[in-house]
Amino acid sequence: MKKQQSKLLVGNWKMHGRLASNAVLLHTLVQRAATLGPQVQLAVCVPYPYLAQAQTSLENTPIDYGVQDVSAYMHGAYTGEVSAPMVAEFGATLAIVGHSERRIFHSESSELVAVKAQRALEAGITPIICVGETLDERRAGQTDNVVYTQLSAVLNVLEKADVARLIIAYEPFWAIGTGRIPTAQQMQKVYTVIRTQLMAEVNVHVPLLYGGSLKPSNAQELFSQSEIDGALIGAASLSAIDFLAIAKAASTVLSENLDYFK
Ligand code: PEP
């Protein structure tokens, strides 16, 4: 068993929220974050209009915040786009890029995802690169190849020093919002593909998150897998009770690990 030091839990609010309910959620997270211990880092990725609210509520707290996408351009005539420097002005430190809902519903290619990651890094923002297969791809035995190819596009354009600043989230599309999660064995296989690729091509170690149908009831089992450095959490991050219960599960696993290594 690998000794683990910390877990990063990132809430992906997707297109949810209202000023009033966000205020309650953020306030509760701030109140309770300190009880989780320094090894559990919380963050939320909010819709753009709520970035100022996240800044007001979370600046000078231990909770990080960011967005769910950034433009591949820094500025210009790109109606509807929001650039990485714009979100950086609001103190955002994280940007999800290549979420499957963007790859699939907005036809984002892995090459575009790589450029978005570059733009985020240039603005001082940490990209959380999402990779993962569809159910058809898994059934066709293509999971490893899909994940490898998605990651390759990013590794092809980034310098090694920039790769070292990434966070990678394995999010199988078929697990998102469905209540289904991969078995430990399936996850282990994918994490091995990602780690091997990162070591072979750039020799760096970055945090690997898991995302898809994480709930308080399955969190502890999931976090017990030593390869997983944290999670990207959709629906459950909209409830302070559920998000904090998942964080508590991470904290429990970390303290059990520490006991084991005493
Ligand atoms: C996500 O979409 O990033 C996600 C993990 O969603 P959910 O937790 O709702 O499956």
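Me: Why is Ser213 called buried in this predicted model?

Reply: The relative accessible area of Ser213 is 14%, and a residue counts as buried when that value is under 20%, so Ser213 meets the condition and is called buried. As for its place in the chain, Ser213 belongs to the loop between strand 7 (208-211) and helix 10. Its phi is positive, about 60°, although Ser213 is not a glycine.

Me: What makes Ser107 exposed?

Reply: For Ser107 the relative accessibility is 64%, and the word exposed is used for values over 50%, therefore Ser107 counts as exposed. Ser107 sits in the loop between helix 4 (100-105) and helix 5 (110-122), and phi of Ser107, near 50°, is a positive value in a residue other than glycine.

Me: Why is Gln220 called partly exposed?

Reply: Gln220 has a relative accessible area of 35%, and since buried needs a value under 20% and exposed a value over 50%, with partly exposed in between, the conclusion for Gln220 is partly exposed. Gln220 lies in helix 10. Its C-alpha atom is separated by 43 Å from that of His75, a residue 145 positions apart from Gln220 along the chain.

Me: How do you know that Ile194 counts as buried?

Reply: The relative accessibility of Ile194 is 0%, and the cut-off for buried is under 20%, so Ile194 counts as buried. Ile194 is part of helix 9, and the C-alpha atoms of Ile194 and Ser152, which are 42 residues apart along the chain, are separated by 9.9 Å.

Me: Why does Pro182 count as buried?

Reply: Pro182 has a relative accessibility of 3%, and a value under 20% is what the word buried requires, so Pro182 counts as buried. The residue is in the loop between strand 6 (167-170) and helix 9 (184-201). Between the C-alpha atoms of Pro182 and Glu111, residues 71 apart along the chain, the separation is 26 Å.

Me: What makes Glu227 buried, and which residue shares a polar contact with its side chain?

Reply: Glu227 shows 17% relative accessibility, and because buried means under 20%, Glu227 counts as buried. The loop that holds Glu227 runs between helix 10 (216-223) and strand 8 (230-233). The side chains of Glu227 and Arg195 are joined by a polar contact of 3.2 Å, and this distance agrees with the limit for such a contact, within 3.5 Å.

Me: How do you know that Lys14 and Glu171 make polar contacts with the ligand?

Reply: An N or O atom in the side chain of Lys14 is 2.6 Å from an oxygen atom of the ligand, and for the side chain of Glu171 the corresponding distance is 2.8 Å. A polar contact is a pair of N or O atoms within 3.5 Å, so Lys14 and Glu171 both meet that condition. Gly234 has a backbone N or O atom 2.8 Å from an oxygen atom of the ligand. Taken alone the ligand exposes 300 Å², and the protein buries 97% of that.

Me: Which residues are closest to the ligand, and where does the ligand sit?

Reply: The ligand is surrounded by 14 residues, and the closest are Lys14, His99, Glu171, Gly177 and Ser213. By class, this shell has five nonpolar, seven polar and two charged residues. The ligand sits in the second largest pocket.

How values were computed
Residues numbered from 1 in each chain as written. Predicted model: local features only at pLDDT ≥ 70, side-chain atom pairs only at ≥ 80, totals over all residues. Heavy atoms only, no water. Near = heavy atom within 4 Å. Polar contact = N/O pair within 3.5 Å; in protein donor to acceptor, adjacent residues only side chain to side chain. Areas by Shrake-Rupley, 256 points an atom, 1.4 Å probe, with all protein chains shown as cover. 1 Å grid on protein atoms, 1.4 Å probe; cavity = no way out; pocket = protein on both sides within 12 Å on 5 of 7 lines; lining within 4 Å. Sits in = over half its atoms within 2 Å of the grid points. Nonpolar A, V, L, I, M, F, W, Y, C, P; charged D, E, K, R; others polar. Helix = DSSP H or I, 4+ residues; strand = E, 2+ residues; numbered from the N terminus. Buried < 20%, exposed > 50% of the residue type's maximum accessible area, 1.4 Å probe, protein only.
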